[in-house]
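Me: I'm new to this one and would like to go through it slowly. Could you put it up so we can talk it over?

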Amino acid sequence: MLRNPLQSYKTISLETAPPGRLVLMLFDGAIKFLERAKLGFDIEDPVEMTETVHNNITRAQDIINELNGTLNMDQGGEIAVVLRDLYVYMENKLFESNIRKEIEGVQEVIDRLSTLQEGWSEMLEQETAVAGRERPNLF
């Protein structure tokens, strides 16, 4: 059976990505679903609007729960505690936004996730640069 090449590529990317890159991919996914939820607020059909907003917020919540669940509270120190609190806050904000069908909470979570995503991306770039300096130049 032939598989969808794009889906195969995505699966391989997820299975082979380093842990730091996976976290970045999770941030990307949560933001993508929340952007889709925001678009759902503009749908005129109330049933379709509710379904679109709900489904996309729920997907983002699942990702945030995954991020929260993978925190290493034993070794993560204060950063892990702060992230846990932030993830719980975002989860609650999305829950309220979904129930009340209010876009403001969705945008707030997008802003917070975007800040985390930017910081995480910068950290990975710095790690890559440091690792590159530590490798001997063979050419």
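Reply: Before we look at single residues, one term needs fixing: a residue is buried under 20% relative accessible area, exposed over 50%, and partly exposed in between. Please also keep in mind that this is a predicted model.

Me: OK, so where does Lys101 fall, buried, exposed or partly exposed?
Reply: Lys101 has a relative accessibility of 24%, and because that value lies between the cut-offs of 20% and 50%, Lys101 counts as partly exposed.

Me: And where is Lys101 in the chain?
Reply: Lys101 belongs to the loop between α4 and α5, the latter covering residues 103-134. Its backbone deserves a look as well, since Lys101 has a positive phi of about 55° although it is not a glycine.

Me: Stepping back, how many helices and strands are there?
Reply: The secondary structure of the protein chain amounts to five helices and zero strands, and along the sequence this reads as α-α-α-α-α. Of the 139 residues in the protein chain, 31% are buried.

Me: At what angle do α3 and α4 pack?
Reply: Helix α3, residues 46-69, packs against helix α4, residues 77-100, at an angle of about 165°, and their axes are 10 Å apart. Because angles over 145 degrees count as roughly antiparallel, that is the description that applies to α3 and α4. Their crossing is left-handed.

Me: Which residues make that contact?
Reply: On the α3 side they include Val53, Ile57, Ala60, Gln61 and Ile64, while α4 contributes, among others, Arg84, Tyr87, Val88, Glu91 and Leu94. By type, the residues of this contact divide into 10 nonpolar, seven polar and two charged.

Me: Which residues of α3 are buried?
Reply: The buried residues of α3 include Val53, Ile57, Ala60, Gln61 and Ile64, and each of these five also takes part in the contact with α4. Met49 and Asn56 are likewise among the buried residues of α3.

Me: How far apart are Asn92 and Gln61?
Reply: Asn92 and Gln61 are 31 residues apart in sequence, and their C-alpha atoms are 9.2 Å apart in space. Asn92 is in helix α4 and is partly exposed, at a relative accessible area of 42%.

Me: Switching to α2, what does it reach from end to end?
Reply: Helix α2 has 22 residues, numbers 19-40, and reaches 32 Å from its first C-alpha to its last, close to the 32 Å expected at 1.5 Å a residue. Its buried residues include Val23, Leu24, Phe27, Ile31 and Leu34.

Methods
Residues numbered from 1 in each chain as written. Predicted model: local features only at pLDDT ≥ 70, side-chain atom pairs only at ≥ 80, totals over all residues. Heavy atoms only, no water. Helix = DSSP H or I, 4+ residues; strand = E, 2+ residues; numbered from the N terminus. Expected span 1.5 Å × (residues − 1). Buried < 20%, exposed > 50% of the residue type's maximum accessible area, 1.4 Å probe, protein only. Axes fitted to C-alpha atoms, helices over the stretch in contact; angles between N-to-C directions. Parallel < 35°, antiparallel > 145°, perpendicular 65-115°, else oblique. Left-handed = near helix turned anticlockwise from the far one by under 90°. Contact = heavy atoms within 4.5 Å. Nonpolar A, V, L, I, M, F, W, Y, C, P; charged D, E, K, R; others polar.
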